[in-house]
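I opened this entry to keep track of what I looked up and in what order. The notes follow the order of the look-ups.

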Amino acid sequence: MSNRKTVLVVDPRREDLERTVRWLEEAGYLTIAADDPEGAISYLLEFHPDVVVYTVEADAASGWAWAARMRKLSTVPFVIVAAGAHRSSFQAAAELGVDGFLAKPLDRKELLGRLASVTSPDAVGEGPSPLFIFRNQRLTIDWRRYDVWVDGELVHLSPTEFKLLALLVQRRGWVVTYDEILSHIWGDEDTYDRDHVKLYVWSLRRKIEEDPSHPRLILTKRGIGYIFVDDEPAYAVPAAAGGPGRVPAAAR
């Protein structure tokens, strides 16, 4: 009998769904894919997957309603993927008691890391929930309250500074380009440029770096963007084929 875990992937965006399924299968998971949340309910009840990965738009009431329905039907580990690290999304995820929260655009490394965590035999009883707290040696972030502590002291960040920090921490270890930052922070507006990004990074460094002139957390990749470097173990960061679904061979 195979020990491979089965993941039910639910995403209405077909292209994103196929990409997530490909990542999971390459990592050794069995997958059940559904682009219709209602149809996914039948897969949940019939095949009893080991974990569900569900993508919801941040302001989609119907999507959150489906997630709440799923939680009532099953205790299977449940990972939410939502558009951006918005306060409303974190609050909704907290109320549902989900096992993981990832922000779009979905990152393969973060997804696999979260799945490995929630499917581990030691996943239960680990202490403080890794979903809403990020902590390394210097920095602590409470995603539920939008609070940031540096060396144990609460620091005030503007909404834009917090959004920038959240993006960099969520993508820690990876370079985030200027264009990605501009799109995430200011959307499609073309009135902002790299100078705005540099200004906010400078301001953020002043608040979280021990020596802003020699940063150790937020490093510059000249001409490309920035990277959040975290060499210390962290609790976590809240922390995506065809037809209505695809069933793994083991479930056919």
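**Helix α6**

I began with the surroundings of α6: nine of its twelve residues are buried, so the helix is largely enclosed by the rest of the structure. I note here that the model is a predicted one. I then listed the buried residues of α6 by name: E161, F162, L164, L165, A166, L167, L168, V169 and Q170. I also checked the geometry of α6, which covers residues 159-170. From its first C-alpha to its last the helix reaches 16 Å, close to the 16 Å expected at 1.5 Å a residue.

**Aromatic pairs**

Next I searched the whole structure for aromatic pairs and got six. I looked at two of them in detail.

One of the pairs is W66 with F78, with 6.4 Å from centre to centre and 55° between the planes, a tilted arrangement. I looked up where the two partners sit: W66 is in helix α3 (residues 61-73) and F78 is in strand β4 (residues 78-82). They are twelve residues apart, and the pair links distant parts of the chain. I checked accessibility for each partner. W66 comes out at 3% relative accessibility and therefore counts as buried. F78 comes out at 0%, so F78 counts as buried too.

I then turned to W186 and Y200. Their ring centres are 5.7 Å apart and their planes meet at 55°, so I logged this pair as tilted. W186 belongs to helix α7 (residues 178-186) and Y200 to helix α8 (residues 194-208). With their positions 14 residues apart in the numbering, this pair also links distant parts of the chain. W186 has 13% relative accessibility and counts as buried. Y200 has a relative accessible area of 25%; the cut-off for buried is under 20% and for exposed over 50%, so I entered Y200 as partly exposed.

Which residues do ring pairs link into a cluster? I found Y54, W66 and F78.

**Whole chain**

I closed with totals for the protein chain. I counted eight helices and 13 strands. The chain has 252 residues, and 47% of them count as buried. How much accessible surface does the protein chain have? The value I got is about 12,900 Å², with 49% of that surface belonging to carbon and sulfur atoms.

Key. Residues are numbered from 1 along each chain as its sequence is written. This is a predicted model: local features need pLDDT of at least 70, side-chain atom pairs count only at pLDDT 80 or more; totals for chains, interfaces and linings use all residues. Side-chain values use heavy atoms; hydrogens and water are left out. Helices (H or I, at least four residues) and strands (E, at least two) are DSSP runs, numbered from the N terminus. The expected span of a helix is 1.5 Å times one less than its number of residues. Buried means under 20% relative accessible area, exposed over 50%, partly exposed in between (1.4 Å probe, protein chains only). Rings of Phe, Tyr and Trp (its six-membered ring) pair if their centres lie within 6.5 Å; planes under 30 degrees apart count as stacked, over 60 as edge-to-face and the rest as tilted. Accessible areas come from the Shrake-Rupley method with a 1.4 Å probe; for residues, only the protein chains shown count as cover.
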